[in-house]
Amino acid sequence: MAAGAKRCVWGWLLATIAVIGGCTSETLEYNGTVTLADYPNPKTLESELAKDVLLEAIGFWKEDKDTQSVSAAHMMEITAFLYLGLHTNWVHDVDARSMNIRPTGPFIGDVGYNTHQRARIYYSNGIVDWLLNDRQGEIPDGSMLVKQMYPTDPNNTSYGGDKVTGWAVMIRDSKSSADGWFWFLFFFPGTPSYGSPVLLSQYGMSFCLSCHAGADNDMHTFSTINNINGKNPSQYTSIHNPPSINAQNAAQLISNGHLTMPNTFDLHLEDVESLLAKVDDHRDTHPKDLADKVGKHLGDMPKELIKMMGGGSMAELMMKPVTPPLTAPNPAIVKAFGKSPVNKKELVVLPWDLTTGHVGVDGVDPEQFVTSDNCRGCHDASLLLGGLQPSMMWYEDTGDPDVPHNKYNLAVFGEWGTSMMGLAGRDPIFHAQLEAEQALR
């Protein structure tokens, strides 16, 4: 890694350590005049260089790339770029009240009504130029937005109010998908957002587009120059002790629904070590000149990241099945087929369909057949950001304080997704019959 990049990384790490050490939002101030004063500068160009090497390393500019699937190696390359803080020299949002960490929704009665908690958003030079030009024209391909996320509550002592929970990233790619973006999402395990780790990336990701499609411009971004020049930035109400507005029940409902949310975003792999091995194999395919650039400007996989990804608890979280198994065999199944010993180590963990069964709308032929996951962002009731209750979810009061509600997904997508047709591709009886037919014929 270049000396300048090393200084950037160490500066970022030291700043993070200082924050964790107890700095609060009230102790730091920012006047909002520095960020754009000397733009562009050698530091912003340093992050541009690292970004360009990253995009080249993951084959972003290849005309024949497969935009319907993103490899584990690609996701880890992006994660390493973020974990090293190589994006932190770019222009970013400013907010004088809280270390430039901006709320993305109101915070009332200890409940955040937001989409991305609090965030500090970093803008690559192509995005900044577009904003300075009053958002005219199109954002150039290869431009990047990094939403660095923090807990909704700045006074969160259990996790750390100014400790990073993860990143949401948009990389402009107008030729690969109709919406024109490559989407990436990562949450550290044990964050206030999700107990399990989140690591996924996709073109045409409906989870993101369900909100971003409502932006007031063709670029599907809510970015505005006011957020980076400190002049009337987007702000939201923050009330820790609101008057009695009969909101307690609603807050409790949202909290319970959020905490009991299924582990939808687990990344299912055979093991975490294989993920890291795929990164090494991926880098071995680079020509020597690109390999030299990667080593110089992106460095190797950080030891801390390898330790986190390879740790026992992380590995266990990432190996959870989509649906928790029954505590005991179904008596009807045992009666019909008998009971046979099962070696859990030999069981194949079936992946979540978002990462294996996605065909999105590309930028060339909108008439192609697309998979149903393109619709789930709006038409399913499995998840809304901020713990909000989906409109197609029905809550049944159980009277049990530990599990106060049974939740029923009334969406057509949800009903179909658990039907025999929706599960046919992973039905063990179907696969057994298929194998028998292949053996016989």
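Which residues have the most contacts inside the largest nonpolar core? In this predicted model, they are Phe81 and Trp167, and the core to which they belong has 45 residues. The protein chain has 441 residues, of which 45% count as buried, and its secondary structure comes to 16 helices and twelve strands.

**Overall architecture**

- Among contacts in the protein chain with a separation of 6 or more, 68% are between residues that stand 24 or more positions apart.
- The chain has an accessible surface of about 23600 Å², and carbon and sulfur atoms account for 58% of that surface.

**Nonpolar cores**

- In soluble globular proteins, nonpolar side chains tend to be buried together.
- The largest core, with its 45 residues, receives two or more residues from each of the helices α2 (42-57), α3 (72-83), α8 (272-284) and α9 (288-298), and likewise from the strands β6 (144-150), β7 (166-172), β8 (181-187) and β9 (198-203).
- Helix α3 gives the largest share of this core, namely nine residues.
- Once its neighbours within four places in sequence are left aside, Phe81 is in contact with Ala50, Lys51, Leu54, Leu86, His87, Trp90, Met144 and Leu298.
- Another core, of 26 residues, lies apart from the largest one, and its members include Val91, Ile121, Trp130 and Leu185.

**Salt bridges**

- The structure holds twelve salt bridges, and Glu48, Lys51 and Asp52 are linked in a network of such bridges.
- Within this network, the side chains of Glu48 and Lys51 meet at 3.5 Å, taken from N to O; the two residues are separated by about one helical turn, because they are three residues apart in helix α2.
- Lys51 also forms a salt bridge with Asp52, where the closest N and O atoms are 3.3 Å apart.
- The three members differ in their accessibility class: Glu48 is buried, with a relative accessible area of 13%, and Lys51 is buried, with a relative accessible area of 6%, whereas Asp52 is partly exposed, with 37%.
- A further salt bridge joins the side chains of Asp141 and Lys175 (3.5 Å, N to O); Asp141 lies in the loop between α4 (125-132) and β6, while Lys175 lies in the loop between β7 and β8, so this pair ties together parts that are 34 residues apart in sequence.
- Of these two partners, Asp141 is partly exposed, with a relative accessible area of 23%, whereas Lys175, at 57% relative accessibility, counts as exposed.

**The loop residue Gln117**

- Gln117 is located in the loop between β4 (111-112) and β5 (118-123), and it counts as buried because its relative accessibility is 8%, which falls under the 20% cut-off for that class.
- The side chain of Gln117 makes a polar contact, at 3.0 Å, with the side chain of Thr165.
- Apart from neighbours within four places in sequence, the residues in contact with Gln117 are Arg102, Pro103, Thr104, Met149, Tyr150, Pro151, Thr152, Thr165, Phe187, Pro192 and Ser193.

**A nonpolar surface patch**

- On the surface, Met392, Trp394, Tyr408 and Leu410 form a nonpolar patch, and together these residues have about 390 Å² of accessible area.
- One of the patch residues, Met392, is found in the loop between α14 (376-379) and β11 (393-397), and it counts as partly exposed, with a relative accessibility of 36%.

How values were computed:
Residues are numbered from 1 along each chain as its sequence is written. This is a predicted model: local features need pLDDT of at least 70, side-chain atom pairs count only at pLDDT 80 or more; totals for chains, interfaces and linings use all residues. Side-chain values use heavy atoms; hydrogens and water are left out. Helices (H or I, at least four residues) and strands (E, at least two) are DSSP runs, numbered from the N terminus. Buried means under 20% relative accessible area, exposed over 50%, partly exposed in between (1.4 Å probe, protein chains only). A polar contact is a pair of N or O atoms within 3.5 Å; within protein, one must be able to donate a hydrogen and the other to accept it, and residues adjacent in sequence count only if both atoms are side-chain atoms. Contact means heavy atoms within 4.5 Å. Patches are made of residues with over 30% relative accessible area and no salt bridge: like charges are joined within 9 Å, nonpolar side chains (Val, Leu, Ile, Met, Phe, Trp, Tyr) within 5 Å. Accessible areas come from the Shrake-Rupley method with a 1.4 Å probe; for residues, only the protein chains shown count as cover. A salt bridge is a side-chain nitrogen of Lys or Arg within 4 Å of a carboxyl oxygen of Asp or Glu. A nonpolar core is a set of buried Ala, Val, Leu, Ile, Met, Phe, Trp, Tyr and Cys residues joined through side-chain atoms within 4.5 Å.
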